[in-house]
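Please look at the sequence and the structure shown here, and then read the report that follows.

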Amino acid sequence: GWQHRFPETQFMITATRDLTDWTVRDQALRQERVRLLQECEVRELLGGPGRVTGVRVATAGEGPGTVRDLPADLVVDCTGRASRLRQWLAALGVPAVPEEVVDSGLAYATRLYEAPPGAREGFPVVNVFSDYRAPVPGRSASLVPVEGGRWMISLTGTRGGRPPRREDEFDAFARSLRSPLIARLMATARPLTGVQGSSTAANRRFYCERATAWPDGLVVLGDSLVAFNPIYGHG
Ligand SMILES: Cc1cc2nc3c(=O)[nH]c(=O)nc-3n(C[C@H](O)[C@H](O)[C@H](O)COP(=O)(O)OP(=O)(O)OC[C@H]3O[C@@H](n4cnc5c(N)ncnc54)[C@H](O)[C@@H]3O)c2cc1C
């Protein structure tokens with residue numbers, strides 16, 4: 001049934017990824033000590049198994065295949081879920097670091113909508129959770145109001161219940177959930193984008209603390225170290 005109402009004790013800031021990234025970038029660049037290399041991709045670590053001494057990077061605009069070395073006393077890997085740290089460490093000769101993966105097969109399909117007049121400010125987050133009486137596959141939906149009077153609507157499903165990436169099947173999936181509430185709200189709003197799918201939701205933890213060897217001058221942060229199923233809202 002429906003969650004009972006209870007007094008508010010917490011709040012949640014909802015925004016698109018673009019706005020979140022822009023805000024963090026803007027704050028970071030206000031610090032005089034910070035210098036940004038635009039469109040710069042780290043290709044590998046420099047150094048050896050005992051110490052990391054920098055990174056090799058390729059920067060857009062410097063020509064294809066052009067790389068250069070950036071020396072550093074401390075390298076922080078925060079390249080997220082798709083981090084290539086495992087391969088980079090192997091290339092330095094560091095023994096494999098223990099890793100654990102638990103994958104529910106959760107997939108997302110997301111679309112942005114223009115909220116209808118009267119619902120562009122102060123609209124609540126709406127969640128339709130999966131039906132505990134039919135536990136697998138878990139199928140759910142959420143409506144998250146974001147900046148610019150828009151709604152970000154995501155459909156999710158675990159293995160065997162993958163949400164559609166086709167626009168003409170998006171509404172039908174929302175209607176088929178245990179409550180059609182989000183489908184009804186969608187019908188009042190105007191789609192602004194196509195459907196964007198994501199299947200990178202496995203829980204994954206890299207156990208640096210259990211490594212038999214770890215080079216000095218290297219730290220791992222964020223999703224690169226431990227990435228959770230987004231259902232936990234951990235980011
Ligand atoms: C489908 C989905 C939904 C989510 N929903 C939520 C949510 O509602 N709320 C929430 O709090 N969290 C959510 N999360 C989790 C959240 O996005 C992550 O936990 C968070 O972004 C991790 O931050 P990070 O800085 O570690 O990595 P990221 O945000 O992934 O940032 C890594 C950055 O490194 C860059 N990069 C990667 N490789 C290189 C390289 N070789 N060289 C240079 N740069 C590189 C990438 O381009 C990226 O900009 C969600 C995740 C997913 C997958």
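## A sheet, a helix and two cores

Strand S1 and strand S2, which spans residues 51-59, pair in the antiparallel sense over eight bridges, where pairing requires that DSSP finds at least two bridges between two strands. Leucine 46 has glycine 54, in S2, as its bridge partner. This is a predicted model, in which local features need pLDDT of at least 70 and side-chain atom pairs count only at pLDDT 80 or more, whereas totals for chains, interfaces and linings use all residues. Residues are numbered from 1 along each chain as its sequence is written, and side-chain values use heavy atoms, with hydrogens and water left out.

Three strands form an open antiparallel sheet in the order S1-S2-S3, and its edge strands, S1 and S3, each pair on one side only. Helix H2 (residues 85-92) packs on the sheet and touches S1 and S2, contact meaning heavy atoms within 4.5 Å.

The largest nonpolar core, a set of buried Ala, Val, Leu, Ile, Met, Phe, Trp, Tyr and Cys residues joined through side-chain atoms within 4.5 Å, has 21 residues, and Tyr113 and Trp151 are among those that touch the most other members. Buried means under 20% relative accessible area (1.4 Å probe, protein chains only). Some of the elements that give two or more residues to this core are listed here.

| Element | Residues |
|---|---|
| strand S6 | 107-114 |
| strand S8 | 139-146 |
| helix H3 | 167-175 |
| helix H4 | 181-187 |

The largest share, four residues, comes from H4. Apart from this core lies another, of 16 residues, including Leu45 and Val55.

How values were computed:
Axes fitted to C-alpha atoms, helices over the stretch in contact; angles between N-to-C directions. Buried < 20%, exposed > 50% of the residue type's maximum accessible area, 1.4 Å probe, protein only.
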